[in-house]
Structures are given as structure tokens and as C-alpha cells.
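Take a look at the structure below. The walk-through starts at the ligand and then moves to one of the helices.

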Amino acid sequence: MSRYPDRVQVYEVGPRDGLQNESAFVPTEDKLALIGALAAAGLPRIEATSFVHPRWIPPLADADRVAAGLPTVEGTLFTALVPNQRGLDRALAAGMREVAVFMSASETHNQRNINKSRDATYTAFEPVFAACAEAGVAVRAYVSTAWGCPYEGDVAPAEVAGVARRLAEMGAYAISLGDTVGLGNPAQTHRVLDAVEAVVPMDRVALHMHDTRGCALANCLVGLERGVTTFDASIAGLGGCPYAPGASGNLATEDLVYMLHGMGIETGVNLDRLVDAGLLAQRLLGRTLPGRALQALAGGRSEGKS
Ligand code: HMG
Ligand code: MG
């Protein structure tokens, strides 16, 4: 029997985690074009935008318009980040059927990112979970700084597990563990998962790796071996958190899908269409993006033409 799952879910965060970090505002219609290209690649879940305060994240100040313009695509569910009840109200008004809440394993990043202590965050989330249960809206929850904090340094796996357990008990169907500034290595990933698996089953855990130091795929491989079946990634390696100094791009979706397909693991994603989406992202942003499979596969296309 293979030590890897037959199929995994790729959760696309480029339109949210990627575009939240762009200094230039990407026009709403360009965001929607990128989202359409990602959906055409067969991604089952796409985090399309974020209903945070527009002053805190100006690049996503058009969240309501993006949500209103989302297409209906069979097999793709669009989700959005919400930080509080006000964000949820906006998401529900826009018709979102799944949302993601987020908080940090470290106190200082939580405070800087959402202007609350961790305790106050749990309190603020209570009505959010209750309203989602009432409306039949699924909630995913991120635990940021799970591999280390840009302000505090090391974060104990027991802290990560404590936050993960609490959010799962509050009603999150999935817990996405975030390496917010891309500090993690595979041995550490085993330690984080050792702590978390004691409190949340691995089939409810997702890995959300930023690739700042090049270890994202290696950490995902550990996740695969440990029974994780959902992996977050961002088209062309876009991404970062403006309230986490040093955060750079997420693991590139094409790098992840290339590796998974090569290992015989199904994703339902069309890699060729994903390259189209990556090339569109480059055109819209006007620069070469970090995804490595994108450069190799797109390069192969132009070589084929010459
Ligand atoms: P605050 O200033 O403490 O908010 O911000 P407040 O509750 O005191 O309210 C102040 C005013 O803001 C009020 O308006 C509210 O209505 C309004 P007023 O009465 O003064 O007119 N307000 C809002 N307006 C629109 N949408 C809202 C909203 N909430 C309040 N949702 C807040 C607190 C959480 C809103 C703010 O800190 C915030 O928006 N932070 C977002 C930071 C962020 O988005 N960071 C990046 C995403 S996290 C990430 O990238 C990590 C992740 O990828 C995983 C990983 O990598 O680890 C997920
Ligand atoms: Mg992130």
C-alpha cells in the first residue's frame, strides 16, 4: 500500500493571500478574470477575497464587488476570509457559502494582525460560528504563525495545538495550519503535526505553507506522509501577509500540482489550465512571478513553438 493518499484537495488562496500583498490595486475585473481562469483549471475551492477592514488591507477593498461578480462554476466553491461579525455580515450579504476565520498561535502577531488578544478573538468568533451554523455556512479556520512568529520567534507546537483544538471545538470543519513567514522545516513539521494530531484528526487539517525559504514542498511531503489531504497554495507563488514582516509568497499551486501528479496523486486540477492562469497572473501584475513549475512549463510551450 502506498504511503501517500490517492487524492488530495488543493485549496487555492491566490486571489486572497496573493493579491492582499500587492502594492498596486488590481482592478476588480482583472481579479475576476484571474478567478475565472483558476476555476477553469478545476480547482475545487478558491478563496476569492477577504471581508476585512478595507483600511487594513486596501488591495482587497473591493471584496463586495468581487464576491458579487463571482461566476457559477460546477465543481468550484468560492470562499472568503472574515475576521469578525462585520466581515461575516458582508460575506453573507454577498452570498458566500463558506468562510474562513483566522487567528495566530502567537499573541503578538494576533494583536498586530487583527487588533485583539487571542482571548478576545475567541469571544469575537463565538457569534460568527453561531451565525454560520444558523445559515448553514461552513467555516474553515487558520492558525497562523504555527511554525514561528515574526515578532516572538519560536512558537511551541503545544500552543498551536491549543488554538487548533479550540477552533475545531467551536465548529471549524477544517483547521489550516499556517507557516505565515515560511520558517518551517520537515522535522519541525513532524513536531507540529505530532501535537496537532492529538487534538484534531489529520483529515480535518490543512497545511498552508509560505515558501519564503524554499521548504514549502518538503513540508507538504511530510503532511502527505502523515495523512493530511488538503494543501493550500497560491497561483504562481503570489502571497504574503502585510502584518507579518518577511512573509513572501505561498507555495505555488503549479509546483504543488506538478509534484502531486508526478507522484500519482489525483487533484482534479488541470495543470495546463493552471499554467494559463499563472501566465494571466503575470500579465495582470506585469512581472515574472516566483512559481518554478510555471516558468518551466511555460518555457516549454514557447520552446515548442520555435
Ligand atoms: P479594528 O479597528 O479593531 O475594528 O480592526 P473594530 O471592531 O474596532 O471596528 C472599527 C471600525 O471598523 C468600525 O466602524 C467597524 O464597523 C469597522 P465604525 O463604527 O468606526 O464606522 N469594521 C469593519 N469594516 C469592514 N469590514 C470589517 C470590519 N470590522 C470592523 N470586517 C479588524 C479589527 C479585524 C477589522 C482589522 O484588524 C482587520 O481588518 N485586520 C485584517 C488583517 C488582515 O487581513 N491580515 C491578512 C490576512 S491573515 C493572513 O494573511 C494569514 C493567513 O494567510 C494564514 C497564514 O499565512 O498563516 C490567513
Ligand atoms: Mg497566508
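In this predicted model, a nitrogen atom of ligand 1 lies 2.9 Å from an N or O atom in the side chain of R90. R16 brings an N or O atom of its side chain to 2.9 Å from an oxygen atom of ligand 1. S144 also takes part: one of its polar side-chain atoms is 2.8 Å from a ligand oxygen atom. On its own, ligand 1 has 1,100 Å² of accessible area, and the protein covers 74% of that.

Where does ligand 1 sit? It occupies the largest pocket. Four elements each give two or more residues to the shell around it: α1 (14–18), α4 (85–93), α5 (107–114) and β5 (138–144). Of these, α4 gives the most, with three residues.

Now consider the shell as a whole. There are 26 residues around ligand 1. Those that come nearest are Q20, N84, N115, S144 and T180. S144 thus appears both in this group and in the polar pairing with a ligand oxygen atom. By class, the shell holds 11 nonpolar and 11 polar residues, plus four charged ones.

Next, turn to helix α10, which spans residues 253–262. Why is α10 described as largely enclosed by the rest of the structure? Because seven of its 10 residues are buried. The cut-off for buried is under 20% relative accessible area. The buried residues of α10 are T253, E254, D255, L256, V257, M259 and L260. Just after the helix comes G264, with a positive phi of about 80 degrees.

Note on methods. Residues are numbered from 1 along each chain as its sequence is written. Chains are lettered from A and ligands numbered from 1 in the order in which they are written. This is a predicted model: local features need pLDDT of at least 70, side-chain atom pairs count only at pLDDT 80 or more; totals for chains, interfaces and linings use all residues. Side-chain values use heavy atoms; hydrogens and water are left out. A residue is near a molecule or strand if one of its heavy atoms lies within 4 Å of it. A polar contact is a pair of N or O atoms within 3.5 Å; within protein, one must be able to donate a hydrogen and the other to accept it, and residues adjacent in sequence count only if both atoms are side-chain atoms. Accessible areas come from the Shrake-Rupley method with a 1.4 Å probe; for residues, only the protein chains shown count as cover. On a 1 Å grid over the protein atoms alone, a cavity is a set of points where a 1.4 Å probe fits but cannot get out, and a pocket is an open set with protein on both sides within 12 Å along at least five of seven lines; lining residues have an atom within 4 Å of a point. A molecule sits in a cavity or pocket if more than half of its atoms lie within 2 Å of its grid points. Ala, Val, Leu, Ile, Met, Phe, Trp, Tyr, Cys and Pro count as nonpolar, Asp, Glu, Lys and Arg as charged, and the others, Gly among them, as polar. Buried means under 20% relative accessible area, exposed over 50%, partly exposed in between (1.4 Å probe, protein chains only).
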